[in-house]
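Open the model in your viewer and keep the selection panel handy. We will go from one stop to the next, and at each one I will say what to pick and what is there.

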Amino acid sequence: MTPLHHEKSARLRRYLIAVAAAGFVLLGCYVVVSSYIAATIPPDALLLYEVTEEITQKGIVIRLDEEEFRNLPVLDAFLRDEEHNTEGEPYAPGDIRLVGSVDYPEKIRQETIDAYIFDSETGRRKYFEYEGRYYRVGTIYRD
């Protein structure tokens with residue numbers, strides 16, 4: 001290899017290292033900013049959506065029984081309250097329907113998200129089956 005080729009090769013390596021470093025810095029900034037936003041502006045309410053059975057195939061279905069209702073009191077309030085909204089338009093594949101919302105008694109933390117929204121081990125969305133209907137939980141920010 002001639003000295004000119006060696007110099008070009010070295011410049012190319014330095015350039016690629018600089019581009020990779022810049023990419024890592026940008027990714028790090030994104031992670032820091034998104035973590036800061038999530039930590040400082042937590043959601044204030046949980047929403048319950050009724051979903052079709054087809055949608056549940058993308059996640060984990062948890063059948064609600066007395067023990068699950070004790071562990072997930074928000075679902076107990078949503079689904080066994082006398083004002084539970086079971087009315088609504090018929091579904092088409094892929095539809096969801098808002099059943100209701102409840103103010104959460106504290107700022108929502110990761111433990112709440114793990115309990116109601118995503119399985120912490122698989123990262124898959126949780127769906128809940130109760131009396132032949134399927135539900136998922138979401139969050140809303142009120143700031």
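Start by selecting Tyr-49, which is buried, with a relative accessible area of 19%. The cut-off for that label is under 20%, so Tyr-49 counts as buried at its 19%. Bear in mind throughout that this is a predicted model.

**Stop 1: around Tyr-49**

Colour strand 1 and you will find Tyr-49 in it. Now add Arg-97: the two residues are 48 apart in sequence, yet their C-alpha atoms are 5.3 Å apart in space. To fill in the surroundings, show the contacts of Tyr-49 beyond four places in sequence: Ile-96, Arg-97, Leu-98 and Val-99, along with Tyr-134, Tyr-135 and Arg-136.

**Stop 2: the whole sheet**

Zoom out and select the strands. Five of them form an open sheet, in the order 2-4-5-1-3, with mixed pairing. At the edges are strand 2 (60–63) and strand 3 (96–103), each of which pairs on one side only. On average, neighbouring strands here are turned by 35° against each other, direction ignored.

Next, isolate strand 1 (residues 45–51) and strand 5 (residues 133–140). These two run antiparallel and are joined by seven bridges. One place to look is Ala-45, which stands opposite Ile-140 in strand 5.

**Stop 3: strand 4 and its partners**

Select strand 4 (126–130). How many of the residues of strand 4 are buried? Five of its five residues are, so the cut-off of under 20% is met along the whole strand. Lys-126, Phe-128 and Tyr-130 point one way, while Tyr-127 and Glu-129 point the other way. In a regular strand the side chains alternate between the two faces of the sheet.

Now look to both partners of this strand. Strand 2 runs parallel to strand 4, with four bridges between them, whereas strand 5 runs antiparallel to strand 4, with three bridges. Strand 4 and strand 5 form a hairpin with two residues between them, and in that turn Glu-131 has a positive phi of about 50°.

Glu-129 is a good residue to centre on. This strand 4 residue is buried, with a relative accessible area of 14%. Glu-129 stands opposite Tyr-134 in strand 5, and Arg-63 stands opposite Glu-129. The C-alpha atoms of Glu-129 and Arg-63 are separated by 4.8 Å, although their positions lie 66 residues apart along the chain. Beyond four places in sequence, Glu-129 touches Val-61, Ile-62, Arg-63, Leu-64 and Tyr-134.

**Stop 4: helix 4 across the sheet**

Select helix 4 (residues 73–80). This helix lies across strands 1, 3, 4 and 5, running at about 55° to strand 1. Which residues of helix 4 are buried? They are Val-74, Leu-75, Phe-78 and Leu-79. Look down the axis of helix 4 and these buried residues fall within an arc of 110°, so they line one face of the helix. They pack against strands 1, 3, 4 and 5 as well as helix 3 (66–71) and helix 5 (110–116).

For contrast, pick Asp-76, also in helix 4: Asp-76 is partly exposed, with a relative accessible area of 26%. Its contacts beyond four places in sequence are Phe-69 and Asp-81.

**Stop 5: the nonpolar core**

Show side chains for the largest nonpolar core, which has 18 residues. Those touching the most other members are Leu-48, Leu-64, Leu-75, Leu-79, Tyr-116, Phe-128 and Val-137. Strand 1, helix 4, strand 4 and strand 5 each supply at least two residues of this core, and helix 4 gives the most, with four. In soluble globular proteins, nonpolar side chains tend to be buried together.

Centre on Phe-128 to see its contacts beyond four places in sequence, among them Ile-62, Leu-72, Leu-75, Ala-115, Tyr-116 and Val-137.

**Stop 6: an aromatic pair**

Finish with the one aromatic pair found in a search of the whole structure. Phe-69 and Tyr-130 meet edge-to-face, 5.2 Å centre to centre, with 90° between the planes. The pair links distant parts of the chain, with Phe-69 in helix 3 and Tyr-130 in strand 4, 61 residues apart. Both partners are buried: Phe-69 at 3% relative accessibility and Tyr-130 with a relative accessible area of 15%.

Conventions. Residues numbered from 1 in each chain as written. Predicted model: local features only at pLDDT ≥ 70, side-chain atom pairs only at ≥ 80, totals over all residues. Heavy atoms only, no water. Pairing = 2+ DSSP bridges. Axes fitted to C-alpha atoms, helices over the stretch in contact; angles between N-to-C directions. Contact = heavy atoms within 4.5 Å. Buried < 20%, exposed > 50% of the residue type's maximum accessible area, 1.4 Å probe, protein only. Arc of directions from axis to C-beta. Core = buried A, V, L, I, M, F, W, Y, C linked by side-chain atoms within 4.5 Å. Phe/Tyr/Trp six-rings, centres within 6.5 Å; stacked < 30°, edge-to-face > 60°.
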